[in-house]
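Work through the exercises below with the sequence and the model in view, and try each task before reading its solution.

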Amino acid sequence: MGVETITATWGPRMLSILRIVSGLVFMAHGTQKILGFPASAMNPPILSMPGIAGLLELVGGALLIVGFLSRPVAFILSGEMAVAYFLAHAPKSFFPALNGGDAAILFCFVFLYIAVAGPGPWSVDAQLRRGTAAV
């Protein structure tokens, strides 16, 4: 099996895996803010900026996990992470390793990639494109 064959076979599947894992990790930030799990000192009001961010993380992460409305959701979440970085992290220090914003930067660009590349073959979006609702 050549490199081209492996890339053609596994590239799209790895895109799906990237989307699923990113959605799971991202959703955990939302469950922490909104549901208090895992336990955290942060319990923001829903209509505050952290509360809205938590809702986006919870709902957006869940939508990315299943791959439904992946492109627009990923685009919105990419923007959320850019805003989070510049409002919450960048003022602390110029360096991401010092300001705690390295995860926000990674999420921003992973989500931007998903918005452009699509959800991959293991997604509700792909199933709908194929004309079947079976997963």
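**Exercise 1. Compare the record with the model.**
Determine the end-to-end C-alpha distance and the helix content of residues 46-66, and then do so for residues 103-122.

*Solution.* The end C-alpha atoms of residues 46-66 lie 24 Å apart, and this span is 86% helix and 0% strand. For residues 103-122 the end C-alpha atoms are 25 Å apart, with 75% helix and 0% strand. Both spans come from UniProt, where an unreviewed entry lists residues 46-66, 73-91 and 103-122 under "transmembrane region"; such annotations may be inferred rather than shown by experiment. The model is predicted, so that local features need pLDDT of at least 70 and side-chain atom pairs count only at pLDDT 80 or more, while totals for chains, interfaces and linings use all residues. Residues are numbered from 1 along each chain as its sequence is written, and side-chain values use heavy atoms, with hydrogens and water left out.

**Exercise 2. Describe the fold.**
State how many helices and strands the protein chain has.

*Solution.* The protein chain has 6 helices and 0 strands, where helices (H or I, at least four residues) and strands (E, at least two) are DSSP runs numbered from the N terminus. In sequence order the pattern is α-α-α-α-α-α, and the C-alpha trace spans about 50 × 35 × 25 Å along its principal axes.

**Exercise 3. Classify two helix packings.**
Find the angle and axis distance for α1 and α5, and likewise for α3 and α5.

*Solution.* Axes are lines fitted to C-alpha atoms, for helices over the stretch in contact, and angles run from 0 to 180 degrees between N-to-C directions. α1 and α5 pack at about 135° with their axes 11 Å apart, and they are therefore oblique to each other. The axes of α3 and α5 come within 8 Å and cross at roughly 160°, and α3 and α5 are therefore roughly antiparallel. The classes are set by angle (under 35 degrees roughly parallel, over 145 roughly antiparallel, 65 to 115 roughly perpendicular, the rest oblique). The crossing of α1 and α5 is left-handed, and α3 also passes α5 in a left-handed crossing; left-handed here means that the near helix is turned anticlockwise from the far one by less than a right angle.

**Exercise 4. Locate the backbone exceptions.**
Where does P38 lie, and where does L69 lie?

*Solution.* Most residues other than glycine have a negative phi, and most peptide bonds are trans. P38 is placed in the loop between α1 and α2, and the peptide bond leading from F37 to P38 is cis, with omega near -5°. L69 belongs to the loop between α2 and α3; its phi is near 55°, a positive value in a residue other than glycine.
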